[in-house]
Amino acid sequence: MKFTPERYSIADKRMQPFIDADEIWGFIRETRSTKERVRQVIQKSLNKERLSLADTAVLVNATDPELVEEIKEGARLLKEKVYGNRIVLFAPLYIGNKCTNDCRYCGFRVSNRDAVRKTLSDEEIISEVEALEDNGQKRLILVYGEHPDYGPEYIAHTVKTVYDVKKGNGEIRRVNINAAPLEVEGFRKVLDSGIGTYQVFQETYHPEAYKEYHLGGKKKDYNYRLTSLDRAQEAGLDDVGIGALFGLYDWRFETLALVRHTSHLEACYNVGPHTISFPRIQSAASIGITDKYMVDDPTFTRIIAILRLAVPYTGLILTARENPAVRKEVMRFGVSQIDGGTKLELGSYKTSVNEDQDLNKEQFMINDSRSLNQIIDELLDDGYLPSFCTACYRLGRTGEHFMEFSVPGFIKRYCSPNAILTLAEYLMDYAPEETKRKGWKVVEENLQNLEKNGHKNVPAIRKKIEKIKKGERDVYF
Ligand code: SAM
Ligand code: SF4
């Protein structure tokens, strides 16, 4: 994959801030989006080249409905050709909601005196994870407020606790983290506990806007947060996730800033972000923001298509903040990971039967409360291949998204077979009859597709499926 970095007013240096807001606005104001340019940029991405900021601005500024459709179609093509039909599934597990920060958009903010604060005990973590395993989950993201109780040792302890829980054939094979930024030493400790990705969202990349939303606590420091994933990299944690909270500031700025963050990580560490997230603000207790920058559904789809084209090697995550219809729509344009069976209230996987959300106990409102199996059912109906694969990360094939994208045959050799195998495990252990019926059909169709495309490993995959049918688990390439 080719990428010719642009020259920026702030040179990329490790651990140094890299966002120049005027420069980003300059790209937006000065870039023209002619039909020809838009098509060139789409083609560049389809040729597996990373887009520059100027290229991304061309896509962001394209407003002609016909061109917007071409951008979406380009993203769809890229996704289909490069990644195929896999969708990776995970669930969030909130560990503790104590928080010393005062982020105006969040129900956990310290100034929300009505928030019910809770930190799961080890026993509660274990019973939550057992409940998640009973549903068939294999990948979790642990979420924490920012609080002295949730230091690196504590985070590492909770990660180990989660990995130790094995119930029946259930186990969690990949734990990701969404927590406050740490010092280099702290990142090292958390890395040693065996995590996958560490996510820190900048929320808004605009320094002035950032100040307006972050009223108290350590998170007030824009630069400390901006350079947090540099510190992760310095600690050897090269699997990082970036994100912006859409609705805080102009979406065009945030989209370019995400690409700028990507180029910073590439320039300094030779590796871009593993994943990009683009949550949209949802209702929350004590929320104090206007809807000036809210992003509507058509714009949201555009943002996802643009990010897919701009950073074609990175995983794109979409959560249950979005409703089922939006999720279905945007999966076509680039989203590769979604959560399923999501519950935000602390301790609720074990106890609650889909009760209404109590916003003083949860961070924000979700709009997709379907069970994991309902989501898998829909994915199967829509021709996707649900995947719980964790093979690359466990075999040390790091940078897997990058390899999927840039190593010819990688997906057919590893990703599709492993997606099929993890789906087979799910069908054997957790699926109801109707899902089993659909699921085995999808498994067979995918095997035949691989065969049709001349892939020699189909007999080996079939052998492994037989092993799974006989009771073997955690079988992968
Ligand atoms: N406390 C840590 C932090 O702020 O980095 C951990 C992450 S926080 C629990 C998870 C993410 O949820 C935040 O980074 C933010 O982007 C998002 N978030 C907060 N309030 C939200 C809201 N009202 N709607 C949607 N997402 C929200
Ligand atoms: Fe705390 Fe994170 Fe919520 Fe901010 S977004 S109040 S840091 S939990």
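1. A good place to start is the lining of the second largest cavity, whose residues divide into seven nonpolar, eight polar and four charged. Here Ala, Val, Leu, Ile, Met, Phe, Trp, Tyr, Cys and Pro count as nonpolar, Asp, Glu, Lys and Arg as charged, and the others, Gly among them, as polar. Of the 19 lining residues, R86, V88, E400, H401 and E404 are the closest to the centre of this cavity.

2. A word on the model: it is predicted, with local features needing pLDDT of at least 70 and side-chain atom pairs pLDDT 80 or more, while totals for chains, interfaces and linings use all residues. Residues are numbered from 1 along each chain as written, chains are lettered from A and ligands numbered from 1 in written order, and side-chain values use heavy atoms, without hydrogens and water.

3. Now the larger picture. A cavity is a set of points, on a 1 Å grid over the protein atoms alone, where a 1.4 Å probe fits but cannot get out; lining residues have an atom within 4 Å of a point. The space taken by ligand 2 is the largest cavity, and a molecule sits in a cavity if more than half of its atoms lie within 2 Å of its grid points.

4. The lining of that largest cavity comprises 49 residues, with V143, N178, F201, R321 and Q363 nearest its centre. By class, 26 are nonpolar, 13 polar and 10 charged.

5. Around ligand 2 itself, the shell has five nonpolar, three polar and two charged residues. Among its neighbours (a heavy atom within 4 Å) are C99, R109, K219 and Q363.

Notes
1 Å grid on protein atoms, 1.4 Å probe; cavity = no way out; pocket = protein on both sides within 12 Å on 5 of 7 lines; lining within 4 Å.
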